[in-house]
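Dear colleague,

I am passing on the structure we discussed, and below it I set out what was found in it. Please read the notes with the model open beside you.

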Amino acid sequence: MFNKILIANRGEIALRVIRAAREMGIQTVAVHSTADSDAMHVRMADESVCIGPPSATQSYLSIPAIIAACEITGAEAIHPGYGFLSENANFVQVIEDHGLTFIGPTAEHIRVMGDKITAKDTMKKLGVPCVPGSDGGVATLEEAKRLGEEIGYPVIIKATSGGGGKGMKVAQSAEDMEKAFHTARAEGKSNFGNDEVYIEKYLTTPRHIEIQVFGDGKGNAVHLGERDCSLQRRHQKVFEEAPGPAISDEERARIGKVCADAIASINYIGAGTVEFLYENGEFYFIEMNTRLQVEHPVTEAIYGVDLVREQIRVAEGMPMSFTQDDLTINGHAIEVRINAEKLPNFAPCPGRITQYHAPGGLGVRMDSALYDGYSIPPFYDSLIGKLIVHGRDRPEALARLGRALGELIVDGVDTTVPLFHALLAEEDVQSGDYNIHWLEHWLETNLGNA
Ligand code: ADP
């Protein structure tokens, strides 16, 4: 059993990991930038180490500073949270070279899945259905145009190293191809240092369905059903739920097994998410995330498991604490991402919180690092909280979400809370009838937001 772990992250996810560790009797070390000296994760951890100035590149992304913090405090393992270094294969390698443990998959698995072309290729070979598209990278505009005709427009050009919705461009017709191809390459180069792109059929009415998988690194793996994350703005999720309103028990069992078998066969260790687009009853793999996802709590709610605890267990070489047969769904859960952003344009809105009150009561979980008087620094992303509700069924979860949003008080900065109040009043949201483009259309119509 680990005695002490270090959390290489900040905000709500750092608290999430500290809480799991504490319940397991494990000591925790927080790391922080100078901008985060007063942050909640620093207060809540057993120890903390300042690892650099505000800029993330010099603090939360500084591998030497994080390794040094481990050595100073005697932490034996590192949990990366999500974002920052969580999908950085080099980080995992350095951790292992220092005789420490990374709480997550191997460097090799991160490398394979981090490159979207290799990931797709691997998944295809493992029997996972993929979006029709190019076989690997597309090097020239001529090839891109030829493929556009072959696959049929619209198509999407994607940077193989892309993430967070960056490096993706849609070409509606052959005329769009030149611009889309060059822009996707340029975004790939400037954001991820890699201009390789590939092409996929652009699906016009899909839902975003992702399967939570979990492996022990010894050839055993399970799936924990799906999450529907179709309500997105600029390819970024804002509202997630489990189970998916459009997925049947048979479909879940079938696609879940395909994913669990695939990751078992590569001895995958820890939590992972296999993302699909789902249209007309078919699943199409788009990418795999080799980490804990922001939206993992909806899965925890309906399956009654602690995914972070499981991550720590398997990293220690212990078996998973459940088998596929132990995993049954109880009710329905919804998460909304609360960002410090000003509507209608979602402009980041850092600043001082003058009053904070978290909602409570039956079936309500608020994962947030806010407190009265806290100043949200301008240097990091704008997620300030996740409100997760759990009910016996979808209507109960929706009613509970409305009730909990009504109790939440965040004064001093603008937040995305009004968006969720408005969405709950929509018939399509109430009935679960939406695809990945629904929210963009709604924002355009209702907020004039393009
Ligand atoms: P990222 O790594 O940037 O998150 P993904 O490949 O996971 O990129 O795609 C993010 C989102 O972009 C998807 O949830 C979906 O909304 C949209 N998208 C990706 N591929 C396609 C496609 N082939 N057709 C239509 N939409 C797509």
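Helices, as the word is used here, are DSSP runs of H or I with at least four residues, strands are runs of E with at least two, and both are numbered from the N terminus. Please keep in mind throughout that this is a predicted model.

With that naming in hand, I begin with a pocket. The second largest pocket holds about 280 Å³ of space. It is lined by 10 residues, and those closest to its centre are Tyr 202, Arg 234, His 235, His 437 and Glu 440. Helix H15, residues 438-447, supplies the largest share of this lining, namely 3 residues. Sorted by class, the lining of the second largest pocket consists of 3 nonpolar, 4 polar and 3 charged residues.

His 235 also takes us to the ligand, since an N or O atom in the side chain of His 235 is 3.1 Å from an oxygen atom of the ligand. Two further contacts may interest you: a polar side-chain atom of Glu 287 lies 2.6 Å from an oxygen atom of the ligand, and a backbone N or O atom of Leu 203 lies 3.0 Å from a nitrogen atom of the ligand. On its own the ligand has 560 Å² of accessible area, and the protein covers 95% of that.

There are 21 residues around the ligand, of which Lys 158, Gly 165, His 208, Gln 232 and Glu 287 come nearest. Divided by class, this shell has 8 nonpolar, 7 polar and 6 charged residues. Which elements give two or more residues to the shell around the ligand? They are strand S6 (155-163), strand S8 (197-201), strand S12 (269-279) and strand S13 (282-289), and S6 gives the most, with 4 residues. As for the domains, the ligand lies between domain 2 (132-201) and domain 3 (207-446), because both of them give residues to the shell around it.

Turning to enclosed space, the count comes to 1 cavity of 30 Å³ or more. The largest cavity has a volume of about 50 Å³, and among the 13 residues that line it, Pro 80, Ile 103, Arg 291, Leu 292 and Gln 311 lie nearest its centre. Its lining has 6 nonpolar, 6 polar and 1 charged residues, and it draws at least three residues from each of domain 1 (4-103) and domain 3 (207-446).

Finally, a few points of backbone geometry deserve a look. Most residues other than glycine have a negative phi, and most peptide bonds are trans. Against that background, the peptide bond from Ala 242 to Pro 243 is cis, with omega near -5°, and Pro 243 sits in the loop between strand S11 (236-242) and helix H9 (249-265). Leu 343 and Pro 344 are likewise joined by a cis peptide bond, with omega about 5°, and here Pro 344 belongs to the loop between strand S15 (341-342) and strand S16 (347-348). Asn 267, a residue other than glycine, has a positive phi near 55°, and its place is in the loop between H9 and S12.

With best wishes

Note on methods: Residues are numbered from 1 along each chain as its sequence is written. This is a predicted model: local features need pLDDT of at least 70, side-chain atom pairs count only at pLDDT 80 or more; totals for chains, interfaces and linings use all residues. Side-chain values use heavy atoms; hydrogens and water are left out. A residue is near a molecule or strand if one of its heavy atoms lies within 4 Å of it. A polar contact is a pair of N or O atoms within 3.5 Å; within protein, one must be able to donate a hydrogen and the other to accept it, and residues adjacent in sequence count only if both atoms are side-chain atoms. Accessible areas come from the Shrake-Rupley method with a 1.4 Å probe; for residues, only the protein chains shown count as cover. Ala, Val, Leu, Ile, Met, Phe, Trp, Tyr, Cys and Pro count as nonpolar, Asp, Glu, Lys and Arg as charged, and the others, Gly among them, as polar. Domain bounds come from an automatic or database domain assignment. On a 1 Å grid over the protein atoms alone, a cavity is a set of points where a 1.4 Å probe fits but cannot get out, and a pocket is an open set with protein on both sides within 12 Å along at least five of seven lines; lining residues have an atom within 4 Å of a point. Grid points are joined across faces, edges and corners, and a volume is the space filled by probe spheres set on the points.
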